Amino acid sequence: MKLNRWLGLAALAASVQFISAADITGKVTLNGTPPANPPVKMDPGCGALHAAGAQISVPIYKVGDGGALADVFIYLKDGLTGKTFPVPAEGVLIDQKGCEYMPYVSAVQAGQKILVRNSDPVLHNVHPQPAVAGNPEKNLAQLPKSKDLEFVYSNPEQFLRFKCDVHPWMFAYVNVNAHPYYAVSGKDGTFTIKNVPKGDYTVEAVHRRAGKAEQKVTVGDANGTANFTLNVPAAK
Ligand SMILES: [Cu+2]
C-alpha cells in the first residue's frame, strides 16, 4: 500500500514536471550581404496569375530589417532522448498559388500529414524528393482545384525538397522533425518554440544556404531565449 502510494506520487511528480513548460523565443539575424535571389521567368499561364511586370524570384534569402532572417528551421537538437510524442492529427498545408509554393519553408512532426493544395487554374506536378532512406519519393499530377494531396514521412529529414515538374522554378522545403519542439523563423526573424518541458537543451538554427548555429538553453519556470547569427557563406 505504502509503495503504491509512493509510486503514485512519483508518477504525479514526473507528469507535473513534464507538464510544467515554457517557451523558447528568439531571433535569427543574417550577417553579411546575401547574393540576390534568382529571378523567375514564368510561362504565360503562370505569369497571367501575377500583376503585369511583377518581379518574382526564388526566395532563397528572405532578409528583413537589420538582417532579420526568415525561413530558418529552429529545433531542439538534444535533450529529449527516450521521449515519445503524439503526432498531431491535423496536417500542415502547403498551397500552390500563382505557381509558387506557399510557404516556401515549413515544418511538420514525423508522421504528420503534409497537405498540398492546388489553388491555381493550371496543372501542377507535386514531386517530393526526400534524401533520407525510408522516406518515399512520389510524383503526382494535380489538376486545378482538385483534392489536396497527402504526404507523410516517418523519418526526420531537414529541408525535404518538393518540386514541380511542370514549373522548374517551383520549390518548397519541409522540415520533418522527430518531436514537436521546433519553429520556422518569420519575416522579422523571430520564432517561438512553444511549451517546452523543463530541461537543458541544445537548440539549433539551420538555414538552407547560411548554415547552422547552436546554443545551450535551459528551460525552467521562465521562458528561455536563444538568438542566433548566421553568416552568408563565402562566394565560391
Ligand atoms: Cu507547378
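## Exercises on a predicted model

Cys164 has a relative accessibility of 2% and so counts as buried. Keep in mind throughout that the model is predicted. Let's work through it together.

### Exercise 1: the disulfide

Task: find which cysteines the disulfide joins, and work out which parts of the chain the pair ties together.

Solution.
- Step 1. Begin with the count: there is one disulfide.
- Step 2. Look at the sulfur atoms. Cys46 is joined to Cys99, with an S to S distance of 2.0 Å; this fits the cut-off, as a disulfide needs sulfur atoms within 2.5 Å.
- Step 3. Turn to the torsion. The angle about the S-S bond is -70 degrees, and the link of Cys46 and Cys99 is left-handed.
- Step 4. Place both ends. Cys46 belongs to helix H2 (residues 44-47), while Cys99 sits in the loop between strand S3 (92-97) and strand S4 (100-102), so the link ties together parts that are 53 residues apart in sequence.
- Step 5. Check the accessibility of each end. Cys46 is buried at 1%, and Cys99 is buried at 0%.

### Exercise 2: rings around Phe73

Task: classify the aromatic pairs that Phe73 forms with Tyr75 and with Tyr182.

Solution.
- Step 1. Recall that a pair of aromatic rings is described by the distance of the centres and the angle of the planes.
- Step 2. Count the aromatic pairs of the model: there are six.
- Step 3. Take Phe73 and Tyr75. Their centres are 5.2 Å apart with 10 degrees between the planes, and the pair is stacked. Planes under 30 degrees apart count as stacked. Phe73 and Tyr75 are both buried.
- Step 4. Take Phe73 and Tyr182. Here the centres lie 6.1 Å apart and the planes make 40 degrees, so this pair is tilted.
- Step 5. Locate the tilted pair. Phe73 is in strand S2 (residues 73-78) and Tyr182 in strand S12 (residues 182-184), so the contact ties together parts 109 residues apart in sequence. Tyr182 is buried, as is Phe73.
- Step 6. Put the rings together: Phe73, Tyr75 and Tyr182 make up one aromatic cluster.

### Exercise 3: the sheet that holds S2

Task: lay out the sheet that contains S2 and S12, and name its edge strands.

Solution.
- Step 1. Remember that strands of a sheet pair through backbone hydrogen bonds, either parallel or antiparallel.
- Step 2. Write down the order. Four strands run S12-S2-S14-S15 in an open sheet, with antiparallel pairing.
- Step 3. Pick out the edges. S12 and strand S15 (211-219) each pair on one side only.
- Step 4. Add the twist, which averages 25 degrees from one strand to the next.
- Step 5. Zoom in on S2 and strand S14 (residues 199-207), which share five bridges in the antiparallel sense. The bridge partner of Phe73 in S14 is Val206.

### Exercise 4: backbone exceptions

Task: find where the cis peptide bond lies, and decide whether Asp71 and Lys145 are buried or exposed.

Solution.
- Step 1. Start from the usual case: most residues other than glycine have a negative phi, and most peptide bonds are trans.
- Step 2. Find the cis bond. It runs from Met102 to Pro103, with omega near 0 degrees. Pro103 is in the loop between S4 and strand S5 (105-109).
- Step 3. Consider Asp71, whose phi is positive, near 65 degrees. Asp71 lies in the loop between H2 and S2 and is buried, with a relative accessible area of 8%.
- Step 4. Consider Lys145, whose phi is positive too, near 55 degrees. Lys145 lies in the loop between strand S8 (140-142) and strand S9 (149-152) and is exposed, with a relative accessible area of 59%.

Methods
Residues numbered from 1 in each chain as written. Predicted model: local features only at pLDDT ≥ 70, side-chain atom pairs only at ≥ 80, totals over all residues. Heavy atoms only, no water. Phe/Tyr/Trp six-rings, centres within 6.5 Å; stacked < 30°, edge-to-face > 60°. Buried < 20%, exposed > 50% of the residue type's maximum accessible area, 1.4 Å probe, protein only. Helix = DSSP H or I, 4+ residues; strand = E, 2+ residues; numbered from the N terminus. Pairing = 2+ DSSP bridges. Axes fitted to C-alpha atoms, helices over the stretch in contact; angles between N-to-C directions.
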